[in-house]
Amino acid sequence: MYGKFQQYLKDELAAIEEAGLYKKERNIESSQSAEITLADGSKALNFCANNYLGLSNSPRLIKAAQDAMAARGFGMSSVRFICGTQDLHKQLEKAISDFFHTEDTILYAACFDANGGVFEPLFTAEDAIISDALNHASIIDGVRLCKAQRYRYANADMADLERCLQEAQAQRFRVIATDGVFSMDGNVAPMDKICELAEKYDALVMVDESHSAGVVGKTGRGVAEQFDCYGRIDIFTGTLGKAFGGAVGGFTTGRKEIIDMLRQRSRPYLFSNSIPPSVVGASIEVFKMLAESNELHTKQQDNVTYFREKMLAAGFDIKPTQSAICAVMLYDAKLSQVFASKMAEEGIFVTGFYYPVVPKGQARIRVQLSAAHEKEHLDKAIAAFIKVGKELGVIK
């Protein structure tokens, strides 16, 4: 059988490559920071990491991870409810709850698991999940695992959301699910309007803060802070793998009873090893740092404003953004790959995004700005974009 299946896979892979959609991985031989070392020994400025606060290589976090590993060991070798819960896990859950102003928190191996494990334990075929069309794949997969009725509304379209809510009145419970910041476009969900509609039509609200926590809001505490929606959002999911140090781990935080039910029935939580002590210890330190100062968030926001204004002035087509994500639109999949390759020749590490990661005809370079970037880094990247953009006819 495998001979026939192998040929099928070879044909599919060849078609993917012919269409310009084949994804190739590039090796990095340094820590994750503003400047990285590639496999050939060359240096590059990294503008495609989720390292929003520049903490992935923080000496303070590295020491906290080492200290936690020395005190609590390398790994847990267990799920939480057997023998996988340390005092550090509970401390981190408390720190996350304090950060988001919520009642309780549950940790997962990744936010993909948090989103995969949030719907099925809470909702049945009697209920409804109303999901934004541009939600992350992990939310989509989580919804698929649940038997609730599914509704989808156009991205951040409140009229379409209201239509779905009206239709969903036939169900017992309703939950609106949305990304806080949409990872490919960089736009922020209008949480104030979403909460208003949820209250009007008697629905719960769930938001994935993966690309918004540490980024949006006056002090980077996410969409609830940005839109003053504290107490109106029932469920937050998020990751420790982006702004909060860039390692691994996810979480769900929100109403106490919801978190209690997830501890009892959420399969990715019940059947996955606990997060290792080193990651937990470093993550606790992250939240201490963010409580001490807002300096990193301020620098990151200044970098976003500077980069975006310069790129727009140069004539690039950039999606509107209130986050650290700047989508430089190219529309053609092959062009996005060629553009990224030429940027690499200029010492700028970026990635072309194309179908199926984004819709067909919506290829782009997704630039992600970090507090680790200095002004000279931004200027070098902008100069490279202008040079390559003119060479490829993207700008005049």
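Select helix α2, residues 59–72, and turn to the face that points away from its buried side: the exposed residues there are P59, Q66 and A70. Exposed means over 50% relative accessible area, buried under 20%, and partly exposed in between, with a 1.4 Å probe and protein chains only. This is a predicted model, in which local features need pLDDT of at least 70 and side-chain atom pairs count only at pLDDT 80 or more, while totals for chains, interfaces and linings use all residues. Residues are numbered from 1 along each chain as its sequence is written, and side-chain values use heavy atoms, leaving out hydrogens and water. Helices (H or I, at least four residues) and strands (E, at least two) are DSSP runs, numbered from the N terminus.

Now rotate to the other side of α2 and select L61, A64, A65 and A68, which are buried. Looking down the axis of α2, the buried residues fall within an arc of 100 degrees, so they line one face of the helix. The arc is taken from the directions that run from the helix axis to the C-beta atoms. An α-helix has 3.6 residues a turn, so residues three or four places apart point the same way. Add α4 (87–100) and α12 to the view: the buried residues of α2 pack against both, where contact means heavy atoms within 4.5 Å.

Check the length of α2 next. Its 14 residues should span 20 Å at 1.5 Å a residue, and the end C-alpha atoms are 20 Å apart, which agrees; the expected span is 1.5 Å times one less than the number of residues. After α2 comes G73, with a positive phi near 100 degrees.

Go back to α2 and select R60, which is partly exposed at 32% relative accessibility. Which residue lies across a salt bridge from R60, with the closest N and O atoms 2.8 Å apart? The partner is E285. A salt bridge here is a side-chain nitrogen of Lys or Arg within 4 Å of a carboxyl oxygen of Asp or Glu. E285 sits in helix α12 (residues 277–292), so the pair ties together parts that are 225 residues apart in sequence. E285 is buried, at 16% relative accessible area.

R60 also meets E292 in a salt bridge, at 2.9 Å from N to O. E292 is in helix α12 too, 232 residues from R60, and is exposed at 54%.

Move to E162 and K200, whose side chains form a salt bridge of 3.0 Å, N to O. E162 lies in helix α7 (residues 158–167) and K200 in helix α8 (residues 191–200), so the bridge ties together parts 38 residues apart in sequence. Then select R80, K90, E93, D104 and R263, which are joined into one network by salt bridges that share partners. The structure holds 26 salt bridges.

For the strands, show the open sheet of three in the order β1-β2-β11, with mixed pairing. Two strands pair if DSSP finds at least two bridges between them. β1 (35–37) and β11 (348–349) are at the edges with a single partner strand each, so one side of each has no neighbour in the sheet. β1 and β2 (residues 43–46) run antiparallel and are joined by three bridges; E35 has L45 in β2 as its bridge partner.

Last, select the cysteines. How many disulfides does the structure hold? There are zero, a disulfide being a pair of cysteine sulfur atoms within 2.5 Å. The sulfur of C146 is 16 Å from the closest cysteine sulfur, in C164, too far for a bond. C195 is in no disulfide either, with the nearest cysteine sulfur, that of C229, 3.9 Å away.
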